[in-house]
Amino acid sequence: MENKLKEAIVSSGYKNTFLAQQLGVHSTELSQWIANRRRPRNEQIRDLARILGCKIKEIYPDYRLK
């Protein structure tokens, strides 16, 4: 399974610590999202897309608004 989130983060040039700080989460939580061990909440997914400058479906193709 491709990891679109990881690709977007690498392309952005942002460090994980910066993204975690912007999202208000611990860097280990962000690492779990990147490794597909956990999934962020919907508002965190929206914030990630905004920070990374991409569309939600680009980082989470199976995203469904709940």
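This talk describes the core, the helix faces and the charged pairs of one predicted model.

Let me begin with the interior. The largest nonpolar core comprises 18 residues, and those with the most contacts inside it are L5, W33, L52 and I59. Two or more residues of this core are given by each of helix 1 (4-12), helix 2 (16-23), helix 3 (27-34) and helix 4 (42-52). Helix 4 supplies the largest share, 5 residues. As a general remark, nonpolar side chains in soluble globular proteins tend to be buried together.

L5 is a useful place from which to look at this core. Which residues does L5 contact, leaving aside its neighbours within four places in sequence? They are W33, I34, L48, L52, I59 and Y60.

I turn now to helix 1, to which L5 belongs. The buried residues here are L5, A8 and I9. Viewed down the axis of helix 1, these buried residues fall within an arc of 100°, and so they line one face of the helix. V10 and S11, on the other side of helix 1, are exposed. The partners of the buried face are helix 2, helix 3, helix 4 and helix 5, against which the buried residues of helix 1 pack. Both ends of this helix deserve a comment. At the N-terminal end, N3 acts as a cap, with a side-chain oxygen 3.3 Å from the backbone nitrogen of L5. Just after helix 1 comes G13, which takes a positive phi of about 85°.

Helix 3 may be described in the same manner. Its buried residues are L30, W33 and I34. Because they cover an arc of only 100° around the axis, they lie on the same side of helix 3. These buried residues pack against helix 1, helix 2 and helix 4. After helix 3 comes N36, whose phi is positive, near 60°.

Let us move to the charged side chains. How many salt bridges does a search of the whole structure find? The search finds 3. In general terms, side chains of opposite charge can pair when their charged atoms come close.

One salt bridge joins the side chains of R39 and D62, at 3.3 Å from N to O. This pair links distant parts of the chain, 23 residues apart: R39 sits in the loop between helix 3 and helix 4, and D62 in the segment after helix 5 (56-59). R39 is partly exposed, at 41% relative accessibility.

Another salt bridge is formed by R41 with E43, whose closest N and O atoms are 2.8 Å apart. E43 has a relative accessibility of 37% and therefore counts as partly exposed.

There is also a salt bridge between the side chains of D47 and R50, at 3.8 Å from N to O. Both residues lie in helix 4, 3 residues apart, which is about one turn of the helix. Is each partner exposed or partly exposed, by relative accessibility? D47, at 30%, counts as partly exposed, whereas R50, at 57%, is exposed.

My last residue is K57, which is placed in helix 5. With a relative accessible area of 44%, K57 is partly exposed. Not counting residues up to four places away in sequence, K57 touches D62, Y63 and R64. The side chain of K57 reaches the backbone oxygen of Y63 at 2.9 Å. D62, one of these contacts of K57, is also the salt-bridge partner of R39. As for D47, its C-alpha atom is separated from that of K57 by 13 Å, the two residues being 10 residues apart along the chain.

Notes. Residues numbered from 1 in each chain as written. Predicted model: local features only at pLDDT ≥ 70, side-chain atom pairs only at ≥ 80, totals over all residues. Heavy atoms only, no water. Core = buried A, V, L, I, M, F, W, Y, C linked by side-chain atoms within 4.5 Å. Buried < 20%, exposed > 50% of the residue type's maximum accessible area, 1.4 Å probe, protein only. Helix = DSSP H or I, 4+ residues; strand = E, 2+ residues; numbered from the N terminus. Contact = heavy atoms within 4.5 Å. Salt bridge = Lys/Arg side-chain N within 4 Å of Asp/Glu carboxyl O. Arc of directions from axis to C-beta. Polar contact = N/O pair within 3.5 Å; in protein donor to acceptor, adjacent residues only side chain to side chain.
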